[in-house]
Amino acid sequence: MKNDTIASQFELLADLLEIEGANPFRIRAYRSAARTISSASESLAQLAIAGEDLTQFAGIGKDLARQIVEFVQTERLQSLEELRAKVPPGVLDMLRIPGVGPRKVAVFFRTLGLRTLEELKAACEAGRVAELKGFGKKTEAGILQNIDQAVANAARISISEARVIAESVVQDLRQLPEVLQCEVAGSCRRRRETCGDLDVLAVCSDSAPAMDRLAAHPAVESVLLRGDTKQRVRLKNGVEMDLRVVPEESFGAAMQYFTGSKEHNVEVRARAREQGLKVNEYGVYRDDEQIAGRTEEEVYAAVGLPWIPPELRENRLEFRWANEGRIPELVTLADIRGDMHMHTTASDGAASIEQMAIAARERGLKYIAITDHSKRVSMANGLDEERLLRHWEEIRRVRETIDGIEILCGIECDILEDASLDLADEVLAEADWVIAVLHYGLRQPHDQIMQRLLNAIRSPHVDIIGHCTGRIIGRREGADMNMMDVLKAAADHGVMMEINAHPSRLDLSEIHAAAARDLGIPIVISTDAHSTDGFDVMQYGVDQARRAGLTRDDVANTRTAAEFRGMLRSG
Ligand SMILES: [Zn+2]
Ligand SMILES: [Zn+2]
């Protein structure tokens, strides 16, 4: 269990307490504990399991230490369950509206008695929010502007949250002797950026134990319906999960059917029809005879197609590739050899250069770039020229002491609102690796955003554009830009493009990543790790690349360190 997982429970507890109107001292205690936990360099779960005294951490008292142990051991927190029972899920959804925090939500819930996003919207439209003390017309207008997006996102969860839950359910069910096969299907299997529901399929000798086990899973809030072959549950995060029990001879057909997408399956069925066949979730049929269904490969083969990786099943190019016999061999996590974007304690990371390098080496990486923030990001203790030069000195010193991994001196340099770079050219010229990024002024007009990006791309010192659009999935739209023009400029100037693997960014999108590949731009998948746990997100970046149809060759950080260095502009 990761520190962030534990920390998020305490954050949620603090939010709920604040909404409840609890003692501010208690709320602060939970928030500061959450910060301590997420920035700790050791694994709290491991310490808890080893029986270590957790009160050694600042801000963790006896009661909090006990709760950490409780959560690590049971994946539940009694105090959290009790609070959740008092606050309707729709009230927590209000926190998804940009600019709305627990203090405002507390007023909506306790003063106006609002329980859902829809009720909040109606109250804003009636002008009731602007009348509240401490609110005003501007706040109300801001909420109205963003609330539809929050409604759309309320029932969607990130791919990381989806995978953690779905895979934990599958692991759990597979332990039962009555469960013969069990897999995740649906949009989670296709690795979409967010999932609106979760699907799990199983073959069982007896379905009752599997359904009992799912109902008892810690992520499950309640059972919505239960039949012999299908169970629907509501998860604590508000999303629903379906468990379908299917006959063994239909498992492949059901996997194909329930993995989707709908658009992909429409085309599969059309192809079957052309051959006088019928495809459904039970199998492929000629007249009434089942000719395939046990495995997905069998189902695709029966309609004259090669097996298509789930990440490509969106009815974009996969059928054309299949016709031409060139379904790409997609990049895998095991292909990744370097990670070119990460932070240390020099800016807002939780671990030192050494700790990051050793953790990266433990994960099998052969090279990394340390890329702390530049000075514009003062909130994150960004580096000015002088501190940066000293930081690179330190990196070079560490480089001498650690074998088996190369460490590049890098920087994540802000592209300022006036389109200049945040650091002097002569210092940038010294870097092994410069990531240029937009962090501020994301709401500037189109032309200004374009000027900033194109200026950065024209700089001879910039190697790559990081998290290009600046979007935060479900919370913030990306900046207003013409991505094709950005990509063409990058291709002209030999600048690479990043897929930021953090599940809240996944920036570039799969569409833009495919466009970059088509222009011959080397793509680098980076974690943007802020702690040693941060390396774990690499898989989400790889998934995004796979959805873009990228092969190992398309991704620059699958190369050896020497090959990678050869691709840099400075040479
Ligand atoms: Zn950044
Ligand atoms: Zn970063």
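## A parallel sheet

In this predicted model, Ala436 has Ile465 of strand β15 as its bridge partner. Strands β14 (residues 433–437) and β15 are paired in the parallel sense, over two bridges. In general, strands of a sheet pair through backbone hydrogen bonds, and the pairing is either parallel or antiparallel.

β14 and β15 belong to an open sheet of seven strands, with the order β11-β12-β13-β14-β15-β16-β17 and parallel pairing. The edges are formed by β11 (338–339) and β17 (523–526); each has a single partner strand, so one side of each has no neighbour in the sheet. Helix α23 (residues 538–547) packs on this sheet and touches β11, β16 (496–500) and β17. The direction of α23 makes about 150 degrees with that of β17.

## The zinc ion (ligand 1)

Which residues are the protein donors of the zinc ion (ligand 1)? They are Glu412 (OE), His439 (NE2) and His467 (NE2), and they lie 2.0 to 2.2 Å from the ion. Along the sequence, the spacing of these donor residues is E-x26-H-x27-H. Glu412 lies in strand β13 (residues 406–414), while His467 lies in the loop between β15 (464–465) and α21 (483–493), so the pair ties together parts that are 55 residues apart in sequence.

Glu412 has a relative accessible area of 1% and is buried. His467 is also buried, at 0% relative accessibility. Buried here means under 20% relative accessible area.

## The zinc ion (ligand 2)

The zinc ion (ligand 2) has His341 (NE2), His343 (NE2), Glu412 (OE) and Asp528 (OD) as its protein donors, at 2.1 to 2.2 Å. In the chain, these donors follow the spacing H-x1-H-x68-E-x115-D. His341 is buried, with a relative accessible area of 0%, and His343 counts as buried at 0% relative accessibility.

Glu412 is a donor to the zinc ion (ligand 1) and to the zinc ion (ligand 2). Glu412 thus bridges the two zinc ions, which lie 3.5 Å apart.

Why is the site of the zinc ion (ligand 2) irregular? The angles among its four donor atoms run from 82 to 169 degrees. Four donors count as tetrahedral only if all angles lie between 85 and 135 degrees, so a range of 82 to 169 degrees does not fit that rule. For four tetrahedral donors, the ideal angle at a metal is 109.5 degrees.

## Aromatic pairs

How many aromatic pairs are counted? The count comes to five. In one of them, the ring centres of Tyr257 and Phe258 are 4.9 Å apart and the planes are at 80 degrees, so the pair is edge-to-face. Tyr257 is partly exposed, at 31% relative accessibility, whereas Phe258 is buried, with a relative accessible area of 16%.

Ring pairs also link Tyr367, Trp433 and Phe564 into a cluster.

## Gln355

Gln355 is placed in helix α17 (residues 353–362). Is Gln355 buried or partly exposed? Gln355 has a relative accessible area of 34%, so it counts as partly exposed.

Leaving out residues up to four places away in sequence, Gln355 touches Ser41 and Thr532. Gln355 and Leu16 are 339 residues apart in sequence, and their C-alpha atoms are 35 Å apart in space.

Conventions:
Residues numbered from 1 in each chain as written. Chains lettered and ligands numbered in written order. Predicted model: local features only at pLDDT ≥ 70, side-chain atom pairs only at ≥ 80, totals over all residues. Heavy atoms only, no water. Donors = N, O, S within 2.8 Å, 3.2 Å for Na, K, Ca; no water. Helix = DSSP H or I, 4+ residues; strand = E, 2+ residues; numbered from the N terminus. Buried < 20%, exposed > 50% of the residue type's maximum accessible area, 1.4 Å probe, protein only. Tetrahedral: all angles 85-135°; square planar, octahedral: opposite > 155°, others 65-115°. Pairing = 2+ DSSP bridges. Contact = heavy atoms within 4.5 Å. Axes fitted to C-alpha atoms, helices over the stretch in contact; angles between N-to-C directions. Phe/Tyr/Trp six-rings, centres within 6.5 Å; stacked < 30°, edge-to-face > 60°.
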